[in-house]
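Please open the model in your viewer and keep the sequence panel beside it. The tour below goes from one selection to the next.

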Amino acid sequence: MAKLQDILYKVHLTQVHGSTAVEVKDIQIDSRHVSAGSVFVAIRGAASDGHRFIYNAVEAGAVAIVCEEMPEVMSDGVTYLQTSNTHESVAYMAHQFYGEPSLKMKLVGVTGTNGKTTIATLLFKLFTQLGYTCGLVSTVQNQIGDKIIPATHTTPDAVSLNALLKQMHDEGCTHVFMECSSHAIHQHRITGLQFTGALFSNITHDHLDYHKTFDEYIRVKKSFFDHLPATAFAVSNADDKRGEVMLQNTHAKKYFYSLKTLSAFKGKILENALTGLVMLVNDQEVHFRLIGEFNAYNLLAVYGAAMCLGEDKEKVLVKLSMLTGAEGRFDYIISGGLIIGIVDYAHTPDALENVLTTIRKLRKGHEQIITVVGCGGDRDKTKRPVMAQSACDLSDKVIFTSDNPRTEDASQILRDMEEGLSSAAKRKYISIVDRKEAIKTAVSFANEDDIILVAGKGHEKYQDIGGVKHPFDDKQVLQEMFELLNK
């Protein structure tokens, strides 16, 4: 319980009707979860507007309503608070209600188009190995020490997030590593949190269905760094052409990592093979279990953050050398017939290009690269032909297939991918809507030492078709097909 007036710190109110001295037992943004003593915050979302459910919330026992538009009829005994932005307001309120949990731990946020999950997961694993009790907020899963909590969004809503952070603190976490998506930044889900540090991986073409323009997408990512306090650190990729722009207006202490330019955290790849990476990290030679240039960047970001958090260089590099990455990120298996299968979450043109470029560098001879790839429905359509062309340019054979079509027709998505392909690309691909059949066909095409990439879904254990999530696991299907082949 808390007094309403005590959780309104930093909330900009334009009008108050009723008493702010009332006791509130919880904060709700879904009227269906409101009960006696709740404060209901009316949020305007993509699918629905919380203002339509103010009456329902009052009927269910809400003692206070926070809204952008005051209702025409106000109930006696209920406090109504008007604010210009309920997304921002609920974030400040939740941080106060749950006792400002981010101030009690070292909270590090990771943003960028690709690499967020791997960087956050590696940081969690590293600091756990260093002896700390840690929290993880990621696309794959949320974790408190050894306890796994399934994730529904890359970053939860502000109320759920602050409740989770409080739980992490209550269970002894000293460090929390969190992915910060552009949606979460834009929708104020992380507003009010006090970050010890922030990392930037890279920025490429993504989420233009939501942000509309690439400049807006960059601006949103940059705003995360703009709001960091002077006590925080910011670590950015100097080799990304927007790496410096991200930190242009930050008050935080600036650091950079790179493979190609001078930086505080400098790496050099000495060897890149299926056995892992051999790198120089600030002149120290280290063998890592992770594969590929993109993982070299991820490892440098993690190393940089660990240095900023005051850890010992030798200890950090020893522990990092033993770690594996996140599930569904360059996750590979080898069949009895020595075909290599790789499952990766790559679902943007740049991520797909990075993974395929890495695979090409790992080839010892003339092994075929066979790629299974699709594009999600109800998402940025402009990347569909770009991803299709990249897959064809960098593979020997390509199978276009369904990947979470959601409310769209899967066949139409494949036609969008096929549109504008070069004549050379058209000779390399076939389209198979059924994802399981597509993976089976890829395996049937493969000979010994060939490499099959199944891209787009990574860790996901479902296919979203018509708004219904059907059980589906790329890695499991690939393993089943390998077992059939072995028999």
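**First stop: an open sheet**

This is a predicted model. Begin with the open sheet of 5 strands, whose order is β2-β7-β6-β5-β4 and whose pairing is mixed. Select β2 (13-17) and β4 (26-28): these strands stand at the edges with a single partner strand each, so one side of each has no neighbour in the sheet. On average, neighbouring strands here are turned by 20° against each other, with direction ignored.

Stay with β2 and add strand β7 (residues 79-83). The two run antiparallel and are joined by 4 bridges. Which residue of β7 stands opposite H17? Select Y80 to see that partner.

Next, show helix α2 (residues 86-97). Helix α2 lies across β4, β5 (38-41), β6 (64-67) and β7, and runs at about 160° to β4.

**Second stop: the largest nonpolar core**

In soluble globular proteins, nonpolar side chains tend to be buried together. The largest nonpolar core of this model has 39 residues; select L123, L126, F127, L199, M279, F288 and L320, which touch the most other members. Two or more core residues come from each of β8 (106-111), α3 (116-129), β9 (134-137), β14 (233-237), β17 (276-281), β18 (284-288), α9 (293-308) and α10 (313-321). Of the elements, α9 contributes the most, with 9 residues.

Centre the view on F127. Leaving out residues up to four places away in sequence, F127 touches Y132, C134, H175, F177, A306, L309 and E311.

**Third stop: a hairpin**

Move to strand β19 (residues 331-334) and look at its two faces. In a regular strand the side chains alternate between the two faces of the sheet. On β19, D331 and I333 are on the covered face, while Y332 and I334 are on the uncovered one.

Now add strand β20 (residues 340-344), which pairs with β19 in the antiparallel sense over 4 bridges. Opposite I333 you will find G341 of β20. The two strands form a hairpin with 5 residues between them, and L338 in the turn has a positive phi of about 65°.

**Fourth stop: salt bridges**

How many salt bridges does the model contain? The count comes to 21, and a few of them are worth selecting in turn.

Take K147 and E171, whose closest N and O atoms are 3.0 Å apart in a salt bridge. This pair links distant parts of the chain, 24 residues apart: K147 is in strand β11 (residues 147-150), and E171 is in the loop between α4 (158-170) and β12 (175-179). K147 counts as partly exposed because its relative accessibility is 37%, and E171, at 38%, also counts as partly exposed.

Select R384 and D416 next; their side chains meet in a salt bridge at 2.8 Å, N to O. R384 sits in helix α12 (residues 383-394) and D416 in helix α13 (residues 410-418), 32 residues apart. Are these two residues buried or exposed? Both R384 and D416 are buried.

Then pick E480 and K436, a salt bridge with its closest N and O atoms 3.9 Å apart. E480 lies in helix α16 (residues 474-486) and K436 in helix α15 (residues 435-445), so the pair ties together parts 44 residues apart in sequence. E480 is partly exposed at 31% relative accessible area, and K436 is partly exposed at 39% relative accessibility.

Finish by selecting R44, D49, E68 and E69, which salt bridges with shared partners join into one network.

Note on methods: Residues numbered from 1 in each chain as written. Predicted model: local features only at pLDDT ≥ 70, side-chain atom pairs only at ≥ 80, totals over all residues. Heavy atoms only, no water. Buried < 20%, exposed > 50% of the residue type's maximum accessible area, 1.4 Å probe, protein only. Pairing = 2+ DSSP bridges. Axes fitted to C-alpha atoms, helices over the stretch in contact; angles between N-to-C directions. Contact = heavy atoms within 4.5 Å. Core = buried A, V, L, I, M, F, W, Y, C linked by side-chain atoms within 4.5 Å. Salt bridge = Lys/Arg side-chain N within 4 Å of Asp/Glu carboxyl O.
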